[in-house]
Amino acid sequence: MELRIEAIRFSMSEQLREFVEKKTGNITRFNDAITDIDVTLRLLKPESNLNKEAEVRVLLPQKKQLVASKVADTFEQALSDALDSLKPMLEKAKNK
């Protein structure tokens, strides 16, 4: 499994990178056929609340792709919410 992390409109700290790696590493238990995970963290409007977006794109065999995107006050919360949204989709794809 390959993990790619992209930060848009901000500089990512090492602590945030480690958090992303840890959280995405746990998702393979829902579907072990995952080939790639792309995480995009985006700062929307710096002057407003709920301005941090996390988009997680999971690639499965046969070019199947699952995507979840969430917005929250922190990148950590947005990422956790996006991964929670992906869990049922991954289980469903595994059972097909």
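Here are some short exercises on this structure, which is a predicted model, each with a worked solution.

**Exercise 1: the layout of the sheet**

Work out in which order the four strands line up, and which of them stand at the edges.

Solution. Start with the order: the strands form an open sheet that reads S1-S2-S3-S4, with mixed pairing. Next, look for strands that have a single partner. Those are S1 (2–8) and S4, so each has one side left without a neighbour in the sheet. Neighbouring strands here are turned by 10° against each other on average, if you ignore direction.

**Exercise 2: two pairings**

Find out how S1 pairs with S2, and how S3 pairs with S4.

Solution. Take S1 and S2 to begin with: they pair in the parallel sense, over seven bridges. A handy spot to check is Ile5, which stands opposite Val39 in S2. Now move to S3 and S4, which run antiparallel and are joined by nine bridges. Here you can look at Lys52, which sits opposite Ala72 in S4. As background, strands of a sheet pair through backbone hydrogen bonds, either parallel or antiparallel.

**Exercise 3: a threonine in S2**

Decide whether Thr40 is buried or exposed, and list what it touches.

Solution. First place the residue: Thr40 belongs to strand S2. Then check its relative accessibility, which is 11%; buried means under 20%, so Thr40 counts as buried at 11%. Its strand fits that picture: seven of the eight residues of S2 are buried, so S2 is largely enclosed by the rest of the structure. Skipping residues up to four places away in sequence, Thr40 touches Glu6, Ile8, Glu53, Ala54 and Glu55. For a sense of distance, try Lys22: it is 18 residues from Thr40 in sequence, and the two C-alpha atoms are 15 Å apart.

**Exercise 4: helix H2, end to end**

Check whether the span of H2 agrees or disagrees with its residue count, and find where H2 has a kink.

Solution. H2 covers residues 75–95, which makes 21 residues. At 1.5 Å a residue they should span 30 Å, and the end C-alpha atoms are 31 Å apart, so the two agree. Now follow the helix along to Lys87: there you'll meet a kink of about 25°, shortly before the proline Pro88.

**Exercise 5: H2 and the core**

Work out what the buried residues of H2 pack against, and what H2 gives to the largest nonpolar core.

Solution. Begin with the buried residues of H2, among them Phe75, Leu79, Leu83, Leu86 and Leu90. They pack against helix H1 (14–25) and strands S2 (36–43), S3 (52–60) and S4 (64–72). Then turn to the largest nonpolar core, which has 26 residues; Ile27, Leu41, Val56, Val58, Leu86 and Leu90 have the most contacts inside it. H1, S2, S3, S4 and H2 each supply at least two core residues, and H2 gives the most, with eight. To finish, zoom in on Leu90: beyond its neighbours within four places in sequence, its contacts include Ile27, Phe30, Val58 and Leu66.

Definitions and conventions:
Residues numbered from 1 in each chain as written. Predicted model: local features only at pLDDT ≥ 70, side-chain atom pairs only at ≥ 80, totals over all residues. Heavy atoms only, no water. Expected span 1.5 Å × (residues − 1). Bend = angle between axes of the 7 residues up to and from the residue. Buried < 20%, exposed > 50% of the residue type's maximum accessible area, 1.4 Å probe, protein only. Contact = heavy atoms within 4.5 Å. Pairing = 2+ DSSP bridges. Axes fitted to C-alpha atoms, helices over the stretch in contact; angles between N-to-C directions. Core = buried A, V, L, I, M, F, W, Y, C linked by side-chain atoms within 4.5 Å.
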